[in-house]
Amino acid sequence: MISLKKNEQLQAVEFSDLAPLLDGRSKFLILDRDGTLVPYSPTPELAFLPPRTKTVLSDIVDHHQAQVAIVSARNLKSLQAEFDPTKQILAGNYGLEISFPSGQKFVHPAATSAVPLMAALADDLAAIVAQYPQLILDNHHYSVCLHYHLLPPHKQSHVAALVDDLRLKYSGLVFHDLPTSYEAMPAIEWHKGRALEQIALQLSLAEQDIFFITAGDTEADEPMFEWVNARQGITFNVGERASAALGRFDTSEDLYSFLRALLDLKTPPQQHY
Ligand SMILES: [Mg+2]
């Protein structure tokens with residue numbers, strides 16, 4: 001189901017209710033990956049991009065229905081392996097590294113300088129994983145994430161203490177305590193809103209002429225919602241959660257249906273006189 005906020009209350013709508021907003025405007029789709037395009041799985045490797053989602057995203061670009069950007073916590077290399085880098089803008093590590101269909105690439109200088117420190121931290125975290133095999137380490141090169149949702153609760157405080165030691169050792173990095181993981185990032189103020197700023201800058205986007213549409217599912221996507229809301233676009237949270245998003249998709253399946261409908265949206269032919 002798709003819902004939109006009206007007087008702060010979410011109300012169910014049909015795609016046809018949104019069509020007037022979308023008609024005849026240059027559109028830019030900005031999508032988070034995990035939990036948004038792809039439902040969560042017990043381990044990140046199992047959460048693969050469904051082939052039909054990959055297809056619809058490519059078709060949207062081929063049919064000039066919208067530009068598409070994927071903005072994810074995963075690294076650029078893994079996004080490039082599953083999406084089409086010649087069609088979609090791919091922003092990995094929350095946009096610290098971005099590739100453009102033109103071949104243009106952006107890497108934040110602070111991310112580059114943090115690589116040696118990040119690699120050393122990844123080694124230390126791997127040593128913790130060797131002690132606690134239920135932990136999952138995601139090394140994204142410019143950031144690392146240690147997932148503990150499969151770790152029995154009585155072992156979680158041991159791991160928390162080990163991670164606390166690493167916070168002291170790696171004071172040149174920033175640690176984020178996420179709901180079921182610890183994440184380390186380069187020590188700069190960075191979020192997905194900054195990623196969108198960078199994309200707009202690199203592409204010299206005429207923002208006022210573009211209708212931005214975005215979907216995400218966690219706190220990390222809120223800066224993206226704020227950026228798009230500030231540009232009079234439309235924002236969707238996937239699932240139930242307090243959010244600045246103006247609308248909601250109940251599930252990733254609803255987002256997929258939206259993308260299909262967007263692909264089939266007939267834009268009135270341009271009049272030439
Ligand atoms: Mg997500």
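Colleague: Before we look at the strands of this predicted model, what makes a crossover right-handed?

Modeller: A crossover is right-handed if, with the strands pointing away from the viewer, the path from the first strand over the helix to the second runs clockwise. In this predicted model, strand 3, helix 2 and strand 4 make a right-handed β-α-β unit. Strand 3 and strand 4, the latter covering residues 67-71, pair in the parallel sense over 4 bridges, and within that pairing Ile30 stands opposite Ala69 in strand 4.

Colleague: Which strand is joined to strand 3 by 6 bridges, and do the two run parallel or antiparallel?

Modeller: That partner is strand 12, which runs parallel to strand 3, and here Leu31 stands opposite Ala215. Of the 6 residues of strand 3, 5 are buried, so strand 3 is largely enclosed by the rest of the structure.

Colleague: How should I read the metal site, and which residues coordinate the magnesium ion?

Modeller: It helps to take the donor atoms and then ask where their residues sit in the chain. The magnesium ion is coordinated by Asp32 (OD), Asp34 (O) and Asp217 (OD), at 2.1 to 2.2 Å, and along the chain these donors follow the spacing D-x1-D-x182-D. Asp32 lies in the loop between strand 3 (26-31) and helix 2 (51-62), whereas Asp217 lies in the loop between strand 12 (210-216) and helix 7 (222-229), so the pair ties together parts that are 185 residues apart in sequence. Both Asp32 and Asp217 are buried.

Colleague: Turning to a single residue of strand 12, what does Ile213 touch?

Modeller: Ile213, which has its place in strand 12, is buried, with a relative accessible area of 2%. Not counting residues up to four places away in sequence, Ile213 touches Leu22, Lys27, Phe28, Leu29, Ile30, Ile234, Phe236 and Phe258. Lys27 is 186 residues from Ile213 along the chain, yet their C-alpha atoms are separated by 7.3 Å.

Colleague: How do I read a nonpolar core, and which residues touch the most other members of the largest one?

Modeller: In soluble globular proteins, nonpolar side chains tend to be buried together. The largest nonpolar core here has 37 residues, of which Phe258 and Leu259 touch the most other members. Several elements each supply at least two residues of this core, including helix 1 (15-22), strand 3, strand 12 and helix 8 (252-264), and helix 8 gives the most, with 6 residues. Leaving aside its neighbours within four places in sequence, Leu259 is in contact with Leu29, Leu31, Leu37, Val56, Leu57 and Ile60. Apart from this core lies another, of 25 residues, among them Phe28, Val71, Tyr142 and Phe212.

Colleague: What is the strand order in the open sheet of 4 strands?

Modeller: For an open sheet one reads the order across the strands and then looks for the edges. The order is 8-9-11-10, with antiparallel pairing, and the edge strands are strand 8 (136-139) and strand 10 (173-178), each of which pairs on one side only. The twist averages 15° from one strand to the next. Between strand 9 (residues 144-147) and strand 11 (residues 181-186), which run antiparallel, there are 4 bridges, and Cys145 stands opposite Glu183 in strand 11.

Colleague: Which helix lies across strand 8, strand 9, strand 10 and strand 11?

Modeller: That is helix 4 (residues 109-131), which runs at about 155° to strand 11.

Methods:
Residues are numbered from 1 along each chain as its sequence is written. This is a predicted model: local features need pLDDT of at least 70, side-chain atom pairs count only at pLDDT 80 or more; totals for chains, interfaces and linings use all residues. Side-chain values use heavy atoms; hydrogens and water are left out. Donors are N, O and S atoms within 2.8 Å of the metal (3.2 Å for Na, K and Ca); water is not among the atoms, so sites may look incomplete. Buried means under 20% relative accessible area, exposed over 50%, partly exposed in between (1.4 Å probe, protein chains only). Two strands pair if DSSP finds at least two bridges between them. Contact means heavy atoms within 4.5 Å. Axes are lines fitted to C-alpha atoms, for helices over the stretch in contact, and angles run from 0 to 180 degrees between N-to-C directions. A nonpolar core is a set of buried Ala, Val, Leu, Ile, Met, Phe, Trp, Tyr and Cys residues joined through side-chain atoms within 4.5 Å.
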